[in-house]
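The following exercises concern a single protein chain. Each task is followed by a solution worked in steps.

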Amino acid sequence: MPKKYALAPCNGMSPNGLVSRVATGDCKKENENVISICMGSTSADIEGTNDEMLKKFPIISLCGCQGNCVTKILENRGIDIYKTINVEEILKDEKVSAKDPFRLDNESEQCVQIIKKELNKIVNE
């Protein structure tokens, strides 16, 4: 049985935040060894109720921008990050970009495919 991974997508209100959430959802649907983490719940859990669960699986952090909020939130909780994917960094040299934080157009869908490919490399290693 393959190792199980937890994906922690950006919840930010940027186009790349949306790309990270959709890529996470697609990856989760396509891979039995993937779960996802709600960063809103993680941020709000000041008592640390979910910390044990957050330490159970290797976490792949998907940051939408250079702020790297997902990684910072988890590290501030004392949670180790297995890998970080910075969506903005990966897409900077591509000929497509996401432009709307609320809707995916054809270009945004192409961005999702690029990020999902990166995710699949990690979860299928």
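**Exercise 1: aromatic contacts**

In this predicted model, the count of aromatic pairs comes to one.

Task: Determine which residues form the aromatic pair and how the pair is classified.

Solution.
1. The partners are tyrosine 5 and tyrosine 82, with 5.6 Å centre to centre. Ring centres must lie within 6.5 Å, so the distance criterion is met.
2. The planes stand at 45 degrees. Planes under 30 degrees apart count as stacked and those over 60 as edge-to-face, so the pair is tilted.
3. Tyrosine 5 belongs to strand S1, whereas tyrosine 82 lies in the loop between H4 and S4; 77 residues separate them, and the pair thus links distant parts of the chain.

Task: Decide whether tyrosine 5 is buried or exposed, and assign tyrosine 82 likewise.

Solution.
1. Tyrosine 5 has 4% relative accessibility and therefore counts as buried, the limit being under 20%.
2. Tyrosine 82, at 34%, is partly exposed.
3. Over the face of tyrosine 82 lies lysine 83, at 5.5 Å from the ring centre.

**Exercise 2: the sheet**

Task: Establish the strand order and the helices that pack on the sheet.

Solution.
1. The open sheet has four strands in the order S2-S1-S3-S4, with parallel pairing. Its edge strands are S2 (34–36) and S4 (83–86).
2. S3 (residues 59–63) is joined to S4 by four bridges; serine 61 stands opposite threonine 84 in S4.
3. Helix H4 (residues 69–76) touches S1, S3 and S4, its direction making about 140 degrees with that of S3.
4. Helix H6 (residues 106–123) touches S1, S2, S3 and S4, at about 165 degrees to the direction of S3.

Notes. Residues numbered from 1 in each chain as written. Predicted model: local features only at pLDDT ≥ 70, side-chain atom pairs only at ≥ 80, totals over all residues. Heavy atoms only, no water. Pairing = 2+ DSSP bridges. Helix = DSSP H or I, 4+ residues; strand = E, 2+ residues; numbered from the N terminus. Contact = heavy atoms within 4.5 Å. Axes fitted to C-alpha atoms, helices over the stretch in contact; angles between N-to-C directions. Phe/Tyr/Trp six-rings, centres within 6.5 Å; stacked < 30°, edge-to-face > 60°. Buried < 20%, exposed > 50% of the residue type's maximum accessible area, 1.4 Å probe, protein only. Lys NZ or Arg CZ within 6 Å of the ring centre and 35° of its normal.
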